[in-house]
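Thanks for making the time this morning. Please have the sequence and the picture side by side while I talk, and stop me whenever a term is unclear.

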Amino acid sequence: MVRLPGVGKVHTLEDMSWLTDRIADGQARVIGSTVREHAGRWWVSFQLEIDRTDINSQRAVSDDMPACGIDVGVKTFATIVDDDGTVLQIDAPKPLKAALRKVRKAGKAVSRKRPGSSNRAKAVKKLAKVHLAVTNRRADFLHKTTTMLARSKRAIAVETLNVAGLVKNRRLARAISDLGFGEFFRQIEYKAAWYGSNVWAADRWFPSSRLCGGCGAINQELTLADRSWTCRCGLGHHRDVNAARNLLNAMSLEHHAA
Ligand SMILES: [Zn+2]
């Protein structure tokens, strides 16, 4: 339940105890709220000021946690290679992919309806609803993944998305914004700062995928479709694992040189 100015007490569908407990403890303070209608529901959001000192120190990363390199992609959302050799591949959740398909379908349905018609209004409502489902699923997935990374790695090497280069490939640019890679890196950055992990970003021209992690040769012929390749030195590479390991190695080299 929340009390809104000019409206009075309103029941909420979501459990508010996380917030009210912290307000009672003095760890959180509401500094503002906004009410809006979206997809046929009313949403109230709060702007909070939260004291994270306790949370962050309890969950700080320790020195014996691994350093890692992260490669992101459309096929596999993230490939994470640790300095102890562990490889973890994270796929975007199936419900998110299904919801993204629904958004595209609903968008097409809107454009087929006559402007101003009631069918169009219905289609617009439907689109808003599926769009909201995508936003929620993506936010949930990104938060879980980035919190896990920021709390379990002492150092994280990431690539810098070459946005200008990606605009040329519209399908890829769309997939990247659909999956939220920009937001993924933004969250890693600020959560790493919370938990005392270090983030290192490669130069945006760093050829993480094309570089042979064995001999240092660069494969100019590599295309986006190549999931694996063999270097002239004879070493076989899994595309994403090689890229993540190259980022990890580049970070280590720079840290040792410093
Ligand atoms: Zn090689």
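Let me start with D82, which counts as buried because its relative accessibility is 7%, under the 20% that serves as the cut-off for that word. Please keep in mind throughout that what you are looking at is a predicted model. Which partner does the side chain of D82 meet in a salt bridge? The partner is K153, and the N to O distance is 3.0 Å. K153 sits in the loop between helix 4 and strand 8 while D82 belongs to strand 6, so this pair ties together parts that are 71 residues apart in sequence. K153 is buried as well, given its relative accessibility of 8%.

Right beside these two in the numbering comes a second pair, R154 and D83, whose closest N and O atoms are 3.3 Å apart. This pair also links distant parts of the chain, with R154 in the loop between helix 4 and strand 8 and D83 in the loop between strand 6 and strand 7. Here, however, R154 counts as partly exposed at 32% relative accessibility, and D83 is likewise partly exposed at 41%.

The structure holds seven salt bridges, and one more that I would like to show you joins E49 to R29, with the closest N and O atoms 3.0 Å apart. Since E49 lies in strand 4 and R29 in strand 3, this pair ties together parts that are 20 residues apart in sequence.

Not every charged residue has such a partner, and R52 is a case to look at carefully. R52 lies in the loop between strand 4 and helix 2, and although R52 is buried, it has no salt bridge, the nearest side chain of opposite charge being that of D51, 8.1 Å away. If we set aside residues up to four places away in sequence, what does R52 touch? It touches W194 and Y195.

Let me turn to the nonpolar interior. The largest nonpolar core has 27 residues, and those touching the most other members are I70, F77, A78 and F184. Several elements each supply at least two residues of this core, including strand 5, strand 6, helix 4 and helix 7. Apart from it lies another core, of 12 residues, with A67, V81, A157 and L247 among them. Coming back to F77, its contacts beyond four places in sequence include I90, F141, L142, L179 and F184.

Helix 4 has come up several times, so how far apart are its end C-alpha atoms? They are 52 Å apart, which agrees with the 51 Å that its 35 residues should span at 1.5 Å a residue. Among the buried residues of helix 4 are V130, R138, F141, L142 and L149.

Two single residues make a useful contrast. A175, in helix 6, is buried, with a relative accessible area of 15%, whereas Q220, in the loop between strand 9 and strand 10, is exposed, with a relative accessible area of 59%.

Finally, let us step back to the whole chain. The protein has eight helices and 11 strands, and 35% of its 258 residues count as buried. It is divided into domain 1, covering 1-51, and domain 2, covering 60-91 together with 136-257, and the C-alpha centres of domain 1 and domain 2 lie 36 Å apart.

Note on methods:
Residues are numbered from 1 along each chain as its sequence is written. This is a predicted model: local features need pLDDT of at least 70, side-chain atom pairs count only at pLDDT 80 or more; totals for chains, interfaces and linings use all residues. Side-chain values use heavy atoms; hydrogens and water are left out. A nonpolar core is a set of buried Ala, Val, Leu, Ile, Met, Phe, Trp, Tyr and Cys residues joined through side-chain atoms within 4.5 Å. Buried means under 20% relative accessible area, exposed over 50%, partly exposed in between (1.4 Å probe, protein chains only). Helices (H or I, at least four residues) and strands (E, at least two) are DSSP runs, numbered from the N terminus. Contact means heavy atoms within 4.5 Å. The expected span of a helix is 1.5 Å times one less than its number of residues. Domain bounds come from an automatic or database domain assignment. Lys and Arg count as positive and Asp and Glu as negative; His and the chain ends are not counted. A salt bridge is a side-chain nitrogen of Lys or Arg within 4 Å of a carboxyl oxygen of Asp or Glu.
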